[in-house]
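Open the model in your viewer and keep the sequence panel visible. The stops below each begin with a selection.

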Amino acid sequence: MSLKQFTIGALVAVCTFVAQAAAQKNELSGILGRTFTADQGIPGAPSYDPDLRFGKGLTFEVNYARRVMSGEIWSLALEVPFVVNPDQDLHAAQNLIPKQYSSYFVTPAARLNVFPDLAVSPWVSFGGGFGHFSESSTLEFGGPNPGKTGTTTGVLQAGLGLDVKIFGHFSLRGEAREFWSGVPQLNLTTGKSRQYNLFAGGGVVWHF
């Protein structure tokens, strides 16, 4: 192969890569992790077990994003994280609360990436939307739940993460997102009207 042919071939390859990179404005990601919610004190509960305790529910996220602005060292994308926690276990000393609840959050957001076209890109995300809790119809220690079993709430979301390119159109992502929501209907009072739901997980991003 002559130097001229090699040069032409290299230029064609570079132009093709640049065109493909420019066209990759969309992302679809799948994330697996856990949701963490801090325990809450129950006024008047037995001293040996005074708190409402939350499990660490296995949680899934599907996220679509589209890059809308971009510079050399930053990019801005609009994203729609959809986070589902199908089984959040609960515990309190008295048989008052549902044994578990499921939940989902949908929070359209703006995400700012630093060094979006390099191998490693940190980011932050801020947004808001709504969520829904589906409380169990059964109490923790048995018996029917006398409370309502569906609670919709407004949600604010703040997140941070790191994307690492692995090959082709794919990246690995590690992230943590805090969803500040209302509280589910648990048939008791903890003095709180909002709760923090911290989702931490990792997964794969497809750029297209």
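Leaving aside neighbours within four places in sequence, which residues is Gln 94 in contact with? Select Gln 94 in this predicted model and display its surroundings: the contacts beyond that sequence window are Pro 46, Glu 140 and Phe 141. Pro 46 is 48 residues away from Gln 94 in sequence, yet the two C-alpha atoms are 8.5 Å apart in space. Gln 94 belongs to the loop that links strand 5 (74-91) with strand 6 (100-106). Its relative accessible area is 42%, so Gln 94 counts as partly exposed, between the cut-offs of 20% and 50%.

Stay in view of that loop and select Ile 97. Outside four places in sequence, Ile 97 has contacts with Leu 52, Leu 90, His 91, Ala 92, Leu 139, Glu 140, Leu 186, Asn 187 and Leu 188. Glu 140 is thus on the contact list of Ile 97 and also on that of Gln 94.

Next, select the best-connected part of the largest nonpolar core. This core has 16 residues, and those touching the most other members are Leu 52, Leu 90, Ile 97, Tyr 101, Phe 179 and Leu 186. Colour strand 3 (51-54), strand 5 and strand 6 to see the elements that each give two or more residues to this core.

Asn 187, one of the contacts of Ile 97, is the next selection. Asn 187 sits in the loop between strand 10 (170-182) and strand 11 (194-207). Check its backbone: phi is near 70°, a positive value in a residue that is not glycine. Most residues other than glycine have a negative phi. Is Asn 187 buried or partly exposed? With a relative accessible area of 24%, Asn 187 is over the 20% limit for buried and is therefore partly exposed.

Now go to Phe 115, another non-glycine residue with a positive phi, here about 55°. Phe 115 is found in the loop between strand 7 (109-114) and strand 8 (120-135). Phe 115 is partly exposed, at a relative accessible area of 37%.

Finally, clear the selection and show the whole chain. How many helices and strands does the protein have? There is 1 helix and there are 11 strands, and the helix comes before the strands in the order from the N terminus. Of the 208 residues, 36% are buried. Among contacts with a separation of 6 or more, 65% are between residues 24 or more positions apart. Switch on the surface last: the protein exposes about 11000 Å², with 67% of that supplied by carbon and sulfur atoms.

Conventions
Residues are numbered from 1 along each chain as its sequence is written. This is a predicted model: local features need pLDDT of at least 70, side-chain atom pairs count only at pLDDT 80 or more; totals for chains, interfaces and linings use all residues. Side-chain values use heavy atoms; hydrogens and water are left out. Helices (H or I, at least four residues) and strands (E, at least two) are DSSP runs, numbered from the N terminus. Buried means under 20% relative accessible area, exposed over 50%, partly exposed in between (1.4 Å probe, protein chains only). Contact means heavy atoms within 4.5 Å. Accessible areas come from the Shrake-Rupley method with a 1.4 Å probe; for residues, only the protein chains shown count as cover. A nonpolar core is a set of buried Ala, Val, Leu, Ile, Met, Phe, Trp, Tyr and Cys residues joined through side-chain atoms within 4.5 Å.
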